[in-house]
Each structure stands twice: as C-alpha cells, then as structure tokens.
Amino acid sequence: MKAVTFQGIKDVQVKQMPAPSILKPDDIIVKITSTAICGSDLHLIHGMIPNMPHDFIIGHEPMGIVEEVGPNVTKVKKCDRVIIPFTIACGRCWYCQNHLESQCDASNPNGETGAYFGYSETFGGYPGGQAEYLRVPFANFAPFVIPEDCELEDEKLLFLSDIIPTAFWGVDEAGVKDGDTVVVLGCGPVGLLTQKFAWMKGAKRVIAVDYIDYRLEHARKTNRVETLDFTQYENVGEYIKEITGGGADVVIDCVGLDGKMTPLEMLGSALKLQGGAMGAIVIASQAVRKGGTIQLVGVYGSRYNQFPLGDLFARNITVKMGQAPVIHYIPTLYEWIVEGKFDPTDIISHRLPLDEAKHAYEIFDEKKDGCIKVVLKP
Ligand code: NAD
Ligand code: ZN
Ligand code: ZN
C-alpha cells in the first residue's frame, strides 16, 4: 500500500509499504478515505520527537471504512464508517475509565505515556494513518462509528479524530466561562478552532496572536476575533496586559514547539525563557492576569524543561497542559456538527491526493500558498 513515511528531518516520502494485518483479536483494519496533516506532524519532521525510525508511517487524523475485524471485535463491523481518534487507548485502565485516555496505561509498550498513531517509537511505535490502510488496536473502545444514516461528507467529520476535540478540551480544561477574556496564541488549525469554542463557551473578548498575515486575516474574518501580529510589538504579552486592563482570564497556547529553530537555538531559547524570549509560552505568562489560567495545547518536548516557574508562582497562575483526551468528547461534538452548531470546514485550504504528501508537508510547514489545513485523499 502507499503510505507517507519519515525519512529524516524535513524529509517525508510516499512509499510502497506492507499493508497492515490483524495482529490481536480486538484489532481492526480500516481502509482510509481521508486523513489530515497536523501541526504535531511538523514536530516529527523537524526532528523534535525522538525515536523516529526510517520508513516510519506518519499520521494520526484518519477516518475510513472498516475492511476487516478481529475475532473479538464487537463494537464495529466490516463496512462501518469510522473516525479513528489519535489516542490509542484500551478502555479498561484507570486512565481510560477516568476520561484521560491520552494517558492510557496499557497502550504504550515503550514508556509511561499514552500511545498515539504515527508518533514515534517513544509514543508506542504504532504506524500512522497517512496511508491506504491502518491497523487500529483496541477497536472495542476508541473508534467512533458514524451512524449509517449520516450523509455528511468526510470533511465535516474528519477532524473529530483530533483537532476538534483537542480545541474543545483546551477551552473546557482551561475553564473558559461567560464574560471571560481569552487570548489564543496561534492561528493554525488548532488555534482557529479554539477561537470558535472560546466564543461558544461565552467569552466576551477573544484576542488571537500569530505573525502569518493570511492566518490572522482568516481568524479576523471567519471567527470575528481581534488579532495581533506579535512581530509588530516589542513585547506583545505586556501589550495584551495593557489593553485588557491587567491581563486575560485565560491564555491558550496553540503553538508549542517552534520548528523554525535548530536544536541549538532551541536550547538557547529554553535558557532565555527566564529572561523573556518571545516564545509562545513566555507571551502566555505575560498576557495572563494574576490568578488566571494558561492552557498549553501546543505540544512541548523535553527541551522545554526550563520554565518561568518563579513568575507564575508569584502571580498565582494555573498552568494546565497535555495530550488531549479526545475520545470521550467525540459523540457530543459529532452531534453539534450534525445539528449545524459547529462547522470546522472553513480551515481546510487544500485537498490533495496522498501521492502529493511531500508537497502538502512543504506548504503546511512553510505556511505557503495560503495553507491552513491539508486533507489527503488516499
Ligand atoms: P500550525 O503549525 O499550523 O499552527 C501554529 C501557528 O502558531 C502558526 O500559524 C504559527 O505561525 C503560529 N506561531 C508561531 N509562533 C508563535 C508565537 N510565538 N505566538 C503566536 N503564534 C505563533 O499547527 P496546528 O496544527 O494549529 O497545531 C498547533 C499546536 O497544537 C502544535 O504544537 C500541535 O502539536 C499541537 N496539538 C496538540 C494536541 C494535543 O493533544 N495537545 C493535539 C493537536 C495538536
Ligand atoms: Zn494532531
Ligand atoms: Zn487504557
């Protein structure tokens, strides 16, 4: 089968790879109909997530049609249309039972974190979903079966695999409520969806920050938020504090690791954090009001183990973060899409065949050709 594979830093290639087969009795094989590229995939191709072997299949935002089911599978049957959440989760451990499926205790043979499709040996070593076929373990728990009478096209539903519930979790976990001022750092796909959910949760003011013009414009036009290009301010965090009369109630960081920096610059930036480098995390700590909340949705890695803890402590800031436990949010968010209460499709800028994945990664990474979100069609 064809699949998008990791070949080295900034080198992805569509290659012929062996098709997956059922390995455990509760596995299924899904024929992928649509699959998206995520900002998290950019961290992989920038070499920021360790243990990515040559030829590793990438991708964790897939949906498709069930092709084959293992003998113990009862939740889904052949020909069902399914959305596959990015988190691989058993459904039985304490974490899965307590709405923290992204930290499932049983899915990652290689460490103490949860496991994710197509996200390195460190995070479980499971081949990803930017491919023609995908093996899905623990199929009695995670897959969301789309009801047979649903006529919505893939595009409306695909992002339920990750960024819709991730964005919802971000505002929910941060406790955004009526009347809040919310700052969203990043106007990529995750930031844009987060802005929508901030309004839905009752925010009275939403301020979005980025530096890519067309993305700021999209945020302004589509989500009706105030926008700030952080390169236009000496210190955008302090500016936000000023215009909000003391800082935002909640700042949601939808940026994470900065892929433009080399590992050496990353190290320098991590060391500079205490002195005020302009990484998103530092903007967040300046823009939040005393007693406010910073929610890190953007992915961070071990290079960011230095953190401006002293300032945050002194100002009673709550910091929450993590891989989003998406699975239990999917049914409700699916209903919202069916009812027309939520529509994620405005973020799709490109629809391309899987064969053009290399080009797709290039424009998404370089923020070229107006690229916001790419859907690949195997
Ligand atoms: P993206 O790369 O398209 O978007 C990031 C945006 O941030 C870009 O538009 C970039 O210009 C902007 N940016 C860069 N530095 C900035 C700064 N200092 N201040 C403000 N904006 C800045 O990626 P995406 O698909 O939107 O994903 C965003 C983040 O969310 C990534 O880190 C991704 O790994 C993470 N993510 C996390 C989870 C989770 O479970 N926690 C799930 C999905 C994605
Ligand atoms: Zn993702
Ligand atoms: Zn589990």
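The following dialogue works through selected features of a predicted model.

Biologist: Where should a reading of this predicted model begin, and into which domains is the protein divided?

Modeller: The division into domains is a useful start. Domain 1 is made of two segments, 2–162 and 325–377, while domain 2 covers 165–321. Taken over C-alpha atoms, the centres of the two domains are separated by 26 Å. Their contact draws 21 residues from domain 1 and 18 residues from domain 2.

Biologist: Which helices supply at least two residues each of the side of domain 1 that touches domain 2?

Modeller: Helix 1 (39–45) and helix 11 (330–338) each do so. Helix 1 provides the largest share of that side, with four residues. By character, the residues of the side of domain 1 that touches domain 2 are twelve nonpolar, five polar and four charged.

Biologist: Which residues does the UniProt domain annotation cover?

Modeller: The UniProt record, an unreviewed entry, places "domain: Alcohol dehydrogenase-like N-terminal" on residues 24–143. In the model, the end C-alpha atoms of that span lie 16 Å apart, and the span is 9% helix and 25% strand.

Biologist: I should like to read a sheet next. In what order do the six strands of the open sheet stand?

Modeller: As a general idea, side chains in a regular strand alternate between the two faces of the sheet. In the present case, the order is 13-12-11-14-15-16, with parallel pairing. Strand 13 (226–229) and strand 16 (318–321) each have a single partner strand, so one side of each lacks a neighbour in the sheet. From one strand to the next, the twist averages 20 degrees.

Biologist: How many bridges join the strands, beginning with strand 12 and strand 13?

Modeller: Strand 12 (residues 205–210) is joined to strand 13 by four bridges, and Val-209 has Leu-228 of strand 13 as its bridge partner. Strand 11 and strand 12 pair over five bridges in the parallel sense, with Thr-181 partnered by Arg-205 in strand 12. Strand 11 (residues 181–185) is joined to strand 14 by four bridges, where Leu-185 is matched with Asp-253 of strand 14. Five bridges then link strand 14 to strand 15 (residues 288–296), including the one that pairs Val-250 with Thr-293 of strand 15.

Biologist: Is strand 14 largely enclosed or left open by the rest of the structure?

Modeller: Six of the six residues of strand 14 (residues 248–253) are buried, so the strand is largely enclosed by the rest of the structure. Strand 12 is mostly covered, with five of its six residues buried.

Biologist: How should burial be read in a helix, and how many residues of helix 4 are buried?

Modeller: An α-helix has 3.6 residues a turn, so residues three or four places apart point the same way. In helix 4 (residues 163–173), nine of the eleven residues are buried. Among them are Ile-163, Ile-164, Phe-168 and Trp-169. The elements that cover the buried residues of helix 4 include helix 5 (189–200), strand 14, strand 15 and helix 11. Just after helix 4, Gly-175 has a positive phi of about 75 degrees.

Biologist: Which residues other than glycine have a positive phi?

Modeller: Most residues other than glycine have a negative phi. Cys-79 is one with a positive value, near 80 degrees. Cys-79 belongs to the loop between strand 5 (62–69) and strand 6 (81–83), and counts as exposed because it has 10 C-beta neighbours inside 10 Å. Another is His-99, whose phi is about 60 degrees. His-99 is located in the loop between helix 2 (94–97) and strand 8 (115–116). With 12 other C-beta atoms within 10 Å, His-99 is exposed, since the cut-off for that class is 12 or fewer.

Biologist: Finally, how does one read a single residue, and where is the place of Thr-33?

Modeller: One may consider its element, its burial and its contacts in turn. Thr-33 is in strand 3 (residues 28–36). It counts as partly exposed because it has 17 C-beta neighbours inside 10 Å. Leaving aside residues up to four places away in sequence, Thr-33 touches Met-63, Gly-64, Ile-65 and Asp-154. The C-alpha atom of Thr-33 is separated by 27 Å from that of Thr-122, 89 residues apart along the chain.

Definitions and conventions:
Residues numbered from 1 in each chain as written. Chains lettered and ligands numbered in written order. Predicted model: local features only at pLDDT ≥ 70, side-chain atom pairs only at ≥ 80, totals over all residues. Pairing = 2+ DSSP bridges. Axes fitted to C-alpha atoms, helices over the stretch in contact; angles between N-to-C directions. Buried ≥ 20, exposed ≤ 12 C-beta atoms within 10 Å, placed from the backbone. UniProt positions renumbered as here; feature names shortened; annotations may be inferred. Domains from an automatic or database assignment. Contact = placed C-beta atoms within 7 Å. Nonpolar A, V, L, I, M, F, W, Y, C, P; charged D, E, K, R; others polar.
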